[in-house]
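Q: I have a model open here and would like to talk through its strands, its core and one of its pockets. Can we start once it is on screen?
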Amino acid sequence: MDLKEIQNLIKFVAKSGASEVKLETGDVKITIKTGSDEKETTIVQQVPMGNQMPQQMPVQQQQAPVPAQENAPAPAAGEKKTSDEDNSNYVTIKSPIIGTFYRKPSPDKPTFVEVGDSIKEGDVLCVIEAMKLFNEIESEVSGKIVKVLVDDASPVEFDQPLFLVDPS
């Protein structure tokens, strides 16, 4: 047997799905073993990795709200007394769902509202994407936008403050 015949035999065995083939012709003995046993081992090794992923996921989920919470207190840290006093006069609009916060209806459109804009009840303030659905968040009060508390395209939690509105 020449090298090309051996290579063709190896390809044939690999395609056939056989785990082992022994061939004896005259004084030549060839044994071809495919890696099917090793593939099963690889699958077994992937199962524990899959079990580790859910354990890591809650850690990532716990870390995701932390930056959002860090963003909210950061302005309050500089003006603690003023922010506490101001917050009592303002209405906080909170997220009704978990998802991704967007200030624009699409990337090429202008934002729904800016700081200083006057809004009335029922005006769309933002969009929150949850499971590939875009939910328009409408204002429940009339007033003036004082502050946007969440960065565009960032994850938000249920009941997380999104906007401060001056109802006067």
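Q: How many bridges join S8 to S10, and do they run parallel or antiparallel?
A: This is a predicted model, and in it S8 and S10 run antiparallel, joined by four bridges. One of the pairs is Ile145 with its bridge partner Val165, which lies in S10.

Q: And which sense does the pairing of S5 and S8 have, over how many bridges?
A: Strand S5, residues 118–119, pairs with S8 in the antiparallel sense, and the pairing runs over two bridges. Ser118 stands opposite Lys144 in S8, while Ile119 has Gly143 as its bridge partner in that strand.

Q: In what order do the strands of the open sheet come?
A: The order is S3-S10-S8-S5, four strands with antiparallel pairing that form an open sheet. Because S3 and S5 stand at the edges with a single partner strand each, one side of each is left without a neighbour in the sheet.

Q: Switching to the interior, which residues have the most contacts inside the largest nonpolar core?
A: Those are Phe101, Leu125, Ile145, Leu162 and Phe163, in a core of 15 residues. Strand S6 (124–130), strand S8 (143–148) and strand S10 (161–166) each supply at least two residues of this core.

Q: What does Phe101 touch, leaving out residues up to four places away in sequence?
A: With those left out, Phe101 touches a list of residues that includes Cys126, Val127 and Ile128, then Val148 and Val150, and also Leu162 and Phe163. The contacts of Phe101 take in Asp151, Asp152, Ala153, Ser154 and Val156 as well.

Q: Now the pocket: how much space lies in the second largest one?
A: The second largest pocket holds about 160 Å³ of space. The elements that give two or more residues to its lining are strand S3 (91–94) and strand S7 (133–138).

Q: Which of the elements gives the most to that lining?
A: S3 gives the most to the lining of the second largest pocket, with four residues. The lining is made up of Val91, Thr92, Ile93, Lys94, Pro96, Ile137, Glu138, Glu140 and Val141.

Q: How does the lining of the second largest pocket split by class?
A: By class, the lining of the second largest pocket has five nonpolar residues, three charged residues and one polar residue.

Key. Residues numbered from 1 in each chain as written. Predicted model: local features only at pLDDT ≥ 70, side-chain atom pairs only at ≥ 80, totals over all residues. Heavy atoms only, no water. Core = buried A, V, L, I, M, F, W, Y, C linked by side-chain atoms within 4.5 Å. Buried < 20%, exposed > 50% of the residue type's maximum accessible area, 1.4 Å probe, protein only. Contact = heavy atoms within 4.5 Å. 1 Å grid on protein atoms, 1.4 Å probe; cavity = no way out; pocket = protein on both sides within 12 Å on 5 of 7 lines; lining within 4 Å. Points joined across faces, edges and corners; volume = space filled by probe spheres on them. Nonpolar A, V, L, I, M, F, W, Y, C, P; charged D, E, K, R; others polar. Pairing = 2+ DSSP bridges.
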